[in-house]
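Student: Got a minute to go through this one with me? I'd like to start with the sheet, then move to the interface.

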Amino acid sequence: MQQNELIPHLFRTEYRKIISVLCKSFGIGHIEIAEDIVSDTFLLASETWGLKGLPANPTAWLYTVAKNKARDVFKHNKVFNEKIVSEIKHTTPVAHEIEIDLSHKNINDSQLQMMFAICHPSIPAEAQIGLSLNILCGFGAEEIADAFLSNKDATYKRLARAKEKLRSENVKIELPPASEISSRMDPVLTTLYLLFSEGYYSTSQNTTLRKDLCVEAMRLNLMLTENEQTDTPFANALLSLMCFHSSRFEARTDKHGEIILYEDQDETLWNKELIEKGEYYLNRASTGTILSRYHLEAAIAYWHTHKNNTHEKWENILQLYNKLLQLEYSPIAALNRTYALSKANGKQEAIIEAEKLKLNDNHLYHSLLGNLYTDIDNKKAIHHLQTALKLAKTKPDKTVISGNIDRLN
Amino acid sequence: MKEFLLIFRIEAKAPEPSLSPEQIQGMMKPWQDWIGGLAAQNKLVGAGNRLEHDGRVIRPNNVITNGPYVDIKESVGGYTIIKAGSLDEATELSKGCPIIRMGGSVEVRTIIPMN
């Protein structure tokens, strides 16, 4: 890797590790000191490596410099020294000098604990995703703004407010006690689910960034399944869902970035390794007595890895959607359920059910009706597709709908 | 939006001979699809439950009888709770209930919240 690519790469992979470890040592109240230390470390790296060339082990170099800088802060920052060091010494009687532990184990533990701190009930849900991207994934305000189609200043302000909340609530960086794990896992999993969905379904045109979001969500989810306490059936089901979905990443857009619909995808481009991983985690999720929405969505995604349109496949998908909607209604699940109904029970029945949904201002609703009326009443089909075209907001959606209208004309 | 209790009644029959898993699945499917359809319209509050045929009725003076079936043919086989804008809409939503095709009935009752 070239040096000009190496530093951004290391920033992405190492920033979050050092931040988590430092915050764990200092307490979340001093997150800004941790951020300064890591920023300074990377600044020094870009200066020194440019002049003297790359060190033998760049990651170890970063850790050593970060540790030294942390030690300097302990020594020279009077306020810090008096307030925090005495606090830390008070709570950890063995530590005479603060040692920053950047071992693999402590890095992993700290990141996992940081995940729970960010997803603490006192932190507003909408702030949790931004904080996760920033602190756990090393995304800057600009990238976050790009991913969420928002502006950089607003995103920066939102992040600052969220960090202030972390500080003022003085959230502890630790795993919740065993009795609370399952309830505290819920917001963690929701955040990872949203992170992944944002990458998978986002309308942002930045494909690399979107793929990064998915990879980051999977990496964090993997950490949950690797720790005995957080290796729950829900966490495995969510990871399984992510594996199945991301197996189609390469097949779902063409080289111009246009969407390729599931039915038209080249299944040889589906990633078999990820499909197998999905099956592995779905098996691991199949313990316990509670069926979560992640289990149901993973099972739906599993059936989608079978390209052949068998009755068995669509009947299973239909029943899974029937259950999913009972757990949690969403317009998109209602539409997908009706599509599965057309495949399992026939278009006539699906048209009657679709028209009951009355999601008239949703372009996907009219696209679905356009699909169902095709070959039954093409005039109605075209009418619905034209309504869908009017309601669709993004260019990729409009392209798909126009293509469907052209096919009917 | 109000909530409505749908009470399913059907004539009590002798217990069916034991069914294969496929037959059971075949009997369940219309129910799963109907409940799924209500949920897809965001009208389902709770899928409810089926009830066993056997039961007890307790009356004043500790009079207990086996089942309510002495003077009525139909017994309650299950219930579901839905939400709708009016009793008319709730009635409309109940028309597709599989119990009707089986010769049974649905009683739609408006729920009065306890508060």
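**Sheet and interface of chain B**

Tutor: Sure. S2(B) and strand S5 (residues 74–84) of chain B run antiparallel and are joined by 4 bridges. Keep in mind that this is a predicted model.

Student: Which residue in S5(B) is the bridge partner of Asn49(B)?

Tutor: Tyr79(B) is the partner of Asn49(B).

Student: What is the strand order in the open sheet of chain B?

Tutor: The order is S2-S5-S1-S6, so to speak left to right as written, with antiparallel pairing. The sheet is open and has 4 strands. From one strand to the next, the twist averages 20 degrees.

Student: Which strands stand at the edges?

Tutor: S2 and strand S6 (105–110) of chain B. Each has a single partner strand, so one side of each lacks a neighbour in the sheet.

Student: And zooming out, how many helices and strands are there in chain B?

Tutor: Chain B has 3 helices and 6 strands. Starting at the N terminus, the elements go β-α-β-β-β-β-α-α-β. The C-alpha trace of chain B spans about 45 × 40 × 20 Å along its principal axes.

Student: Switching to the interface. How many residues of chain B are in contact with chain A?

Tutor: On the chain B side, 12 residues, which touch 13 residues of chain A.

Student: How much area do the two chains bury between them?

Tutor: About 1000 Å², with 52% of it on carbon and sulfur atoms. Asp33(B), Ala40(B) and Gln41(B) supply 41% of the area that chain B buries against chain A. No other three residues supply more.

Student: What about salt bridges? How many are there between chain B and chain A?

Tutor: The count is 1. Glu315(A) pairs with Lys29(B), and their closest N and O atoms are 2.9 Å apart.

Student: And how many residue pairs are in polar contact?

Tutor: There are 7 such pairs between chain B and chain A, both residues being at pLDDT 80 or more.

Student: Which elements of chain B give two or more residues to the side that touches chain A?

Tutor: Helix H1 (21–40) and strand S2 (44–50) of chain B. H1(B) gives the most, with 8 residues.

Student: How do the residues on that side of chain B divide into nonpolar, polar and charged?

Tutor: They come to 5 nonpolar, 5 polar and 2 charged.

Student: So S2(B) turns up in both topics?

Tutor: Yes. S2(B) is an edge strand of the sheet, and S2(B) also gives two or more residues to the side of chain B that touches chain A.

Note on methods. Residues are numbered from 1 along each chain as its sequence is written. Chains are lettered from A and ligands numbered from 1 in the order in which they are written. This is a predicted model: local features need pLDDT of at least 70, side-chain atom pairs count only at pLDDT 80 or more; totals for chains, interfaces and linings use all residues. Side-chain values use heavy atoms; hydrogens and water are left out. Contact means heavy atoms within 4.5 Å. Buried area is the accessible area (1.4 Å probe) that two parts lose on being put together, summed over both. A salt bridge is a side-chain nitrogen of Lys or Arg within 4 Å of a carboxyl oxygen of Asp or Glu. A polar contact is a pair of N or O atoms within 3.5 Å; within protein, one must be able to donate a hydrogen and the other to accept it, and residues adjacent in sequence count only if both atoms are side-chain atoms. Ala, Val, Leu, Ile, Met, Phe, Trp, Tyr, Cys and Pro count as nonpolar, Asp, Glu, Lys and Arg as charged, and the others, Gly among them, as polar. Two strands pair if DSSP finds at least two bridges between them. Axes are lines fitted to C-alpha atoms, for helices over the stretch in contact, and angles run from 0 to 180 degrees between N-to-C directions.
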